[in-house]
Structures are given as structure tokens and as C-alpha cells.
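Hi,

Here is the structure I said I would pass on. Have a look at it first, and then read on for what turned up.

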Amino acid sequence: MQDIRHGISRRQLLATGSASALFWSAPAFPQTDPYPRRAITLILPNAPGSSLDTVGRIVANEMGPLLGQSLIVDNKAGAAGAIGVQMGRNAVADGYTLIVASSSAITGAPLLQKGVTYRPLEDFDFVSLIALLPNVLVCNMNLPVRSTADLIAYARSKGESSNMASAGIGSASHLAGVAFQSAAGFKSLHVPYKGGSQGVASVVSGETDWVLTPAPAAMGLVNAGRLRLLGHSMGPTSKPVGDTPSLATTVPGFEFSGWIGLMAPKGLPPQVTEKLNRALTAALQQPRLRTAFETNGAVASATTPQEFQAYLTRDIELSRKAIQMAGLQAE
């Protein structure tokens with residue numbers, strides 16, 4: 001399977017982030033601007049402990065001091081992120097309600113959930129990408145599996161009595177897992193949960209066998225010895241999680257990673273968008289943030305609003321193709 005996620009290369013995104021950081025390198029911004037005058041609500045459309053929640057909280061802690069106001073995290077989980085995103089779409093476009101959006105909620109959910117009514121490209125304003133997220137293949141510690149090849153062989157031997165967890169229909173872990181099965185030539189029973197943390201917890205407990213999930217949702221448990229890490233979903237020369245091998249070394253050509261970005265309800269004043277973009281770009285250069293991202297397997301990726309929109313446009317089309325390849329239907 002070819003890389004079906006990234007129309008703009010990871011190298012281009014990182015280069016953009018580095019260039020922006022050189023321009024916006026000040027530790028804070030003048031407070032003569034009228035925005036922000038009070039705390040900002042940051043909607044995280046996933047449950048606590050999920051990859052999006054982990055990254056969102058790290059970013060909130062760094063952006064708050066730069067903006068001179070607190071960023072209040074508000075978890076609104078459900079429907080692979082669609083519930084929180086719909087709430088964000090309906091908020092007042094004044095910069096005091098923002099959305100930390102993910103590929104599962106913005107590209108996957110509208111294609112796979114009939115109840116989703118928002119239009120990703122028309123109903124929101126774009127601030128910046130935040131991170132690219134490699135998915136990591138992890139399994140239960142008691143499985144007789146030590147590598148990606150072992151898991152494939154195990155699943156083939158078990159047929160659909162093996163099972164795969166996900167954060168819900170249309171989630172990043174659902175699409176990545178189905179695409180991986182298709183590319184590797186095996187099939188496991190899909191067991192959807194109501195969020196990434198619940199899906200990953202099911203693998204820890206042995207209720208399910210494995211999950212291919214965004215790295216921040218699993219790396220803490222991997223580091224604690226509660227999950228076995230088998231591989232990551234970026235290219236064969238990438239090393240987002242130490243020396244862990246790429247899945248592409250076992251399944252040639254397979255790459256399937258996600259993203260997280262900052263969005264707002266449609267109609268955000270341009271000066272507010274600019275200030276948020278500057279603050280986020282500066283936050284992504286902070287050493288504490290970069291260390292936290294590296295620990296969780298996230299790759300900081302600042303962009304302009306226009307670059308984010310172009311990236312999303314490409315991602316939607318490639319996700320549509322991935323869903324067709326997997327034979328999935330909206331439910």
C-alpha cells in the first residue's frame with residue numbers, strides 16, 4: 001500500500017515550522033492587543049488519556065503564558081471526535097472557543113458516520129497543524145508475539161477469533177487498523193470503543209489483542225511495561241519512537257499516520273487567527289514541549305493557516321480512497 005495520508009511531506013511541514021519559529025521567537029506577545037482578554041476554552045473532542053488529549057494539554061500549557069491567558073481544557077468525547085467538533089462548530093467565532101482537531105474527527109468521521117453534519121473545509125477556520133502522529137502497533141503482553149511479523153502470523157492462525165481494538169468507527173485507530181490488515185493480508189475482528197484510552201486499555205487487560213493507535217495514546221503504557229510495542233506507521237527511515245522498526249519493513253509500502261491541528265468556528269477575525277498562529281508556532285519550539293512530544297511519539301509540525309487547509313484538502317481525498325480500499329460504508 002502506498003502512503004495514503006500525506007500530500008504535503010513531513011519534511012516540508014517541519015521546514016515550515018522551523019522557519020516560522022525563527023520569525024516568531026519572542027517568549028511572549030504584547031498585551032496591547034484586545035485579544036485575549038479572558039480565558040480561552042479549548043475543546044478536546046476525545047476522552048482524557050487519548051492521544052489528542054495528551055497533545056492538547058501539552059500545547060495548552062505552553063500557549064497560555066504566551067497569550068497571557070489560561071487555556072481551559074474541555075473534553076467532549078464521543079463518535080470518534082464528532083460530538084466535540086460539532087459543538088465547536090456551533091460556538092461563537094470570537095477566539096474564545098477553539099478546537100484541537102484530529103484526522104479521525106475531521107477526515108474519518110464525516111466519511112464514515114451518517115450523523116455527522118459538519119463540512120470540514122467549509123465550517124471552520126484553520127490556525128495551524130500541531131503535530132503529525134505516527135500510529136504504533138501494540139499488543140497485549142501475554143500474546144506469544146515479539147514482532148510485527150509474529151502478530152501477522154498469529155492473527156492468520158487465529159482467523160477472526162483474534163481481535164483489534166479501536167477508538168470507534170471512523171477513528172484513526174479504526175482506519176489504520178483496517179488498512180494494516182488489508183496490506184498485510186489478514187483479518188481480525190474489529191472491537192470499537194468510545195475513545196482511544198478505552199481501546200488501548202482493552203489491549204492492556206487482554207480483552208482485545210492489538211491496536212494500531214496514535215503514539216501518544218500508548219507510549220506511556222509501553223514505557224511502563226504494560227503494552228508490547230511492535231512497530232510504527234511512518235516511513236522505513238523514520239524514528240519517531242526510538243529504534244522501533246517501521247511497519248513498512250515487514251509490510252513494504254505501508255504508511256498510515258495521523259495529525260492534530262488547531263481550528264476554530266468559521267468567521268474568526270483575521271487578527272485573532274494571526275495571533276493564535278504566532279503563539280502556537282512559538283509554543284511548538286519550546287524545549288519542554290518538544291521533550292514531551294518526543295516522549296509521546298508526536299512530531300511538532302507548525303504551518304500557516306493556508307498550509308493547514310491545503311494539507312486537510314489532500315488528506316480528505318486520500319482518506320476517502322483508503323476507506324474505499326478497505327470496503328467501509330457509512331453507518
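Which strands and helix do the buried residues of H7 pack against? They pack against strand E5 (135-139), strand E6 (163-166), E8 and H8. Before going further, please keep in mind that this is a predicted model.

The buried residues of helix H7 (residues 196-205) are Gly196, Gly199, Val200, Ser202, Val203 and Val204. Right after H7 comes glycine 206, with a positive phi of about 90°.

Two of H7's packing partners, E8 and H8, lead us to alanine 218. This residue sits in the loop between strand E8 (210-214) and helix H8 (219-223). Buried or exposed, then, for alanine 218? Buried: its relative accessible area is 0%. Leaving aside residues up to four places away in sequence, alanine 218 touches Val136, Val138, Thr213 and Leu227. Asparagine 296 is 78 residues from alanine 218 in sequence, yet the two C-alpha atoms are 8.0 Å apart in space.

Now to H2, which spans residues 51-67. This helix has 17 residues and runs 24 Å from first C-alpha to last, close to the 24 Å expected at 1.5 Å a residue. H2 is mostly covered, with 14 of its 17 residues buried. Glycine 68 follows H2 and has a positive phi too, near 75°.

How many salt bridges does a search of the whole structure find? There are nine. As a reminder, side chains of opposite charge can pair when their charged atoms come close. Here are the ones I would look at:

- Glutamate 62 with arginine 288: the closest N and O atoms are 3.2 Å apart. Glutamate 62 is in helix H2 and arginine 288 in helix H10 (residues 287-296), so this pair ties together parts that are 226 residues apart in sequence. The two ends sit in contrasting surroundings: glutamate 62 is buried at 9% relative accessibility, whereas arginine 288 is exposed at 61%.
- Aspartate 123 with arginine 119: here the closest N and O atoms are 2.9 Å apart. Aspartate 123 is buried, with a relative accessible area of 10%, while arginine 119 is partly exposed at 46%. This pair belongs to a network of salt bridges that links Arg89, Arg119 and Asp123.
- Aspartate 74 with lysine 76: their side chains meet at 3.8 Å, N to O. Aspartate 74 is partly exposed at 26%, and lysine 76 is partly exposed at 27%.

One more residue for your list is serine 128, in strand E4 (residues 124-133). What lies 3.0 Å from a polar atom of the serine 128 side chain? It is the backbone nitrogen of threonine 303. Serine 128 is buried, at 0% relative accessibility. Its contacts, not counting residues up to four places away in sequence, are Gly261, Leu262, Asn277, Leu280, Ser301, Ala302, Thr303 and Phe308. Threonine 303 therefore turns up both in that set of contacts and as the owner of the backbone nitrogen by the serine side chain.

If you open the model, the glutamate 62 and arginine 288 pair would be a handy place to start, with one partner in H2 and the other in H10. From there you could go to alanine 218, in the loop between E8 and H8, and then to serine 128 in E4.

Cheers

Technical notes:
Residues numbered from 1 in each chain as written. Predicted model: local features only at pLDDT ≥ 70, side-chain atom pairs only at ≥ 80, totals over all residues. Heavy atoms only, no water. Salt bridge = Lys/Arg side-chain N within 4 Å of Asp/Glu carboxyl O. Helix = DSSP H or I, 4+ residues; strand = E, 2+ residues; numbered from the N terminus. Buried < 20%, exposed > 50% of the residue type's maximum accessible area, 1.4 Å probe, protein only. Contact = heavy atoms within 4.5 Å. Polar contact = N/O pair within 3.5 Å; in protein donor to acceptor, adjacent residues only side chain to side chain. Expected span 1.5 Å × (residues − 1).
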